[in-house]
Amino acid sequence: LLLSQIGKSYQRIPVEIFRGEAKTPEFLAKNPAAEVPVLELDDGRCIAESNAILWHLARGTPFLSNDSFEQTETLRWLLFEQSGVEPIVGSARFWILTGRAAARRDELARRLEIARRSLGVLNGVLASRSFFVGERYSIADVALYAYTHVAPDAGIDLDPWPNVKKWIARVEAQPGYIAGPEPYSAAAQV
Ligand SMILES: N[C@@H](CCC(=O)N[C@@H](CS)C(=O)NCC(=O)O)C(=O)O
């Protein structure tokens with residue numbers, strides 16, 4: 001999404017993690033954590049972690065403020081996303097969409113409860129602002145949008161959080177917006 005919005009050309013290389021493609025020596029040299037996404041720069045250096053990638057790409061663009069307080073606020077939301085949204089909504093969604101939920105009933109319920117708490121936090125903040133940092137669309141919004149807008153896939157109806165729903169619509173109205181993500185591959189199903 002950010003690459004589209006900053007108008008940077010890129011090549012997208014799918015990695016089939018469910019067939020072990022993230023565990024090959026070649027891929028582990030790019031990211032020893034054996035996870036996607038990885039951004040490979042023109043000079044061959046690699047950056048892992050979605051939010052580090054966002055930060056790298058956004059530096060020097062309007063999507064990352066130059067103001068030191070706003071930068072710190074951006075970091076705060078990127079960290080919140082990594083603790084309260086991505087491993088929570090992301091995991092729940094993955095388990096539900098790929099046939100893993102029944103074997104994880106209790107953990108799923110726990111994560112859905114945390115997800116609702118996180119959505120409550122986001123909804124409260126959005127009561128008085130349009131975007132998360134400095135009243136301007138930024139990588140904080142890109143990061144938080146990623147798993148928030150697909151929360152219904154994890155069985156979370158967003159109706160109790162109307163400010164989040166309106167913010168999702170604002171993100172989707174931004175210039176250069178592209179929809180994602182792609183569906184899980186057949187290999188992901190258990
Ligand atoms: N904190 C990382 C998480 C990345 C992550 O969990 N990636 C998953 C796919 S969404 C992965 O590659 N998993 C590899 C595996 O499960 O083998 C980020 O935000 O980039």
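This short presentation covers the surroundings of the ligand and the packing of two helices.

Good morning, colleagues. Please keep in mind that the structure before you is a predicted model.

I begin with the ligand. Which residues are around the ligand? Along the sequence they are Ile-17 and Lys-23, then Ala-34, Glu-35, Val-36 and Pro-37, followed by Glu-49 and Ser-50, and finally Gln-82 and Glu-86. Sorted by class, this shell consists of 4 nonpolar, 2 polar and 4 charged residues.

Let me turn to individual atoms. Ser-50 places a polar side-chain atom 2.6 Å from an oxygen atom of the ligand. For Glu-86, a polar side-chain atom is found 3.0 Å from a ligand oxygen atom. Gln-82 has a nitrogen atom of the ligand as its partner, 2.8 Å away from an N or O atom in the Gln-82 side chain. As for coverage, the ligand on its own has 520 Å² of accessible area, and the protein covers 69% of it.

I now move to the helices. Helix H5 spans residues 105–125, and helix H7 spans residues 162–172. Their axes come within 7 Å of each other and cross at roughly 70°. How are H5 and H7 oriented relative to each other? An angle from 65 to 115 degrees counts as roughly perpendicular, and H5 and H7 are therefore roughly perpendicular.

On the H5 side, the contact is made by Leu-119, Leu-122 and Asn-123; on the H7 side, by Pro-162, Asn-163 and Val-164. These contact residues comprise 4 nonpolar and 2 polar ones, with no charged residue.

Thank you for your attention.

Terms used
Residues are numbered from 1 along each chain as its sequence is written. This is a predicted model: local features need pLDDT of at least 70, side-chain atom pairs count only at pLDDT 80 or more; totals for chains, interfaces and linings use all residues. Side-chain values use heavy atoms; hydrogens and water are left out. Axes are lines fitted to C-alpha atoms, for helices over the stretch in contact, and angles run from 0 to 180 degrees between N-to-C directions. Helices (H or I, at least four residues) and strands (E, at least two) are DSSP runs, numbered from the N terminus. Angles under 35 degrees count as roughly parallel, over 145 as roughly antiparallel, 65 to 115 as roughly perpendicular and the rest as oblique. Contact means heavy atoms within 4.5 Å. Ala, Val, Leu, Ile, Met, Phe, Trp, Tyr, Cys and Pro count as nonpolar, Asp, Glu, Lys and Arg as charged, and the others, Gly among them, as polar. A residue is near a molecule or strand if one of its heavy atoms lies within 4 Å of it. A polar contact is a pair of N or O atoms within 3.5 Å; within protein, one must be able to donate a hydrogen and the other to accept it, and residues adjacent in sequence count only if both atoms are side-chain atoms. Accessible areas come from the Shrake-Rupley method with a 1.4 Å probe; for residues, only the protein chains shown count as cover.
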